[in-house]
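Grab a coffee and work through these exercises with the structure open beside you. Each task comes with a worked solution.

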Amino acid sequence: MAHEHGDAEVELRRELADHLTNDDVVYGATQIFDALSDFTRFQLLGALSLGERSVSELQLVANVSQSAVSHQLRLLRDRGLVRARRDGQRMTYSLADEHVAQLIRIGLEHAAEPERAQEED
C-alpha cells in the first residue's frame with residue numbers, strides 16, 4: 001500500500017513538473033491568481049462558492065454598483081472562473097468548477113491561520 005502511495009506521489013510530481021514547463025499553463029495560472037488578487041472579485045467568488053447568484057445579489061455582497069459587478073464578472077468569465085446561465089430575464093452566475101471553490105476555500109483557510117494561532121495563545 002505504501003508503494004502505491006509513493007507511485008501516486010511520483011506521478012503528481014511528474015505532472016506538476018510538466019505543467020511548470022508549459023508556458024501556456026503557467027501563464028493561465030498567473031491569470032487566475034491575478035483575478036483572485038482583487039478584493040471585489042474575491043468577494044464575488046466567495047459568494048458564488050456558496051451557490052448561484054444574480055448580479056443584484058452579488059451587488060449587495062460586494063457593495064459596489066451593478067456595472068462594477070458586471071465588469072468584474074466579465075473578467076472572471078474570461079479567466080474561466082465563473083459561468084453564466086440565463087434564467088428567464090436575468091443572468092445567474094456560478095463558479096466554473098470545484099477547483100475554483102477549492103482555491104477560495106484554501107485561500108481563506110490560509111489567511112485565517114495566523115488568527116487561529118493567536119486565538120489559541
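The radius of gyration used here is taken over C-alpha atoms, and the globule rule is 2.2 Å times the number of residues to the power 0.38. Keep in mind that this is a predicted model.

**Exercise 1. Set the radius of gyration of the protein chain beside that of a compact globule of 121 residues.**

Solution. Start with the rule: a compact globule of 121 residues would come out near 14 Å. Now take the model, where the protein chain has 18 Å. For the outer dimensions, the C-alpha atoms fill a box of roughly 55 × 45 × 25 Å along the principal axes.

**Exercise 2. List the elements of the protein chain in order from the N terminus.**

Solution. Count to begin with: there are six helices and three strands. Then walk along the chain, and you get α-α-α-β-α-α-β-β-α.

**Exercise 3. Work out how helix 4 and helix 5 pack.**

Solution. Two packed helices are described by the angle between their axes and the distance between the axes. For helix 4 (residues 55-62) and helix 5 (residues 66-78), the angle is about 105° and the axes are 9 Å apart. Angles of 65 to 115 degrees count as roughly perpendicular, so helix 4 is roughly perpendicular to helix 5. Next, look at who touches whom: Val 55, Leu 58 and Gln 59 of helix 4 meet Gln 66, Val 69, Ser 70 and Leu 73 of helix 5. Sorted by class, that contact has four nonpolar, three polar and no charged residues.

**Exercise 4. Do the same job for helix 3 and helix 5.**

Solution. Helix 3 (residues 39-49) packs on helix 5 at about 75°, with 10 Å between the axes. That angle makes helix 3 roughly perpendicular to helix 5. On the helix 3 side you'll find Thr 40, Arg 41, Leu 44, Leu 45 and Leu 48, and they meet Val 69, Gln 72, Leu 73, Leu 75 and Leu 76 in helix 5. The class tally for this contact is seven nonpolar, two polar and one charged residues.

**Exercise 5. Describe the largest pocket and its lining.**

Solution. Volume goes first: about 300 Å³. The lining takes in 13 residues, with Ala 29, Ile 32, Phe 33, His 99 and Leu 103 nearest the centre. Helix 2 (23-36) and helix 6 (98-120) are the elements that each give two or more residues to this lining. By class, the lining has eight nonpolar, four polar and one charged residues.

Definitions and conventions
Residues numbered from 1 in each chain as written. Predicted model: local features only at pLDDT ≥ 70, side-chain atom pairs only at ≥ 80, totals over all residues. Heavy atoms only, no water. Axes fitted to C-alpha atoms, helices over the stretch in contact; angles between N-to-C directions. Helix = DSSP H or I, 4+ residues; strand = E, 2+ residues; numbered from the N terminus. Parallel < 35°, antiparallel > 145°, perpendicular 65-115°, else oblique. Contact = heavy atoms within 4.5 Å. Nonpolar A, V, L, I, M, F, W, Y, C, P; charged D, E, K, R; others polar. 1 Å grid on protein atoms, 1.4 Å probe; cavity = no way out; pocket = protein on both sides within 12 Å on 5 of 7 lines; lining within 4 Å. Points joined across faces, edges and corners; volume = space filled by probe spheres on them.
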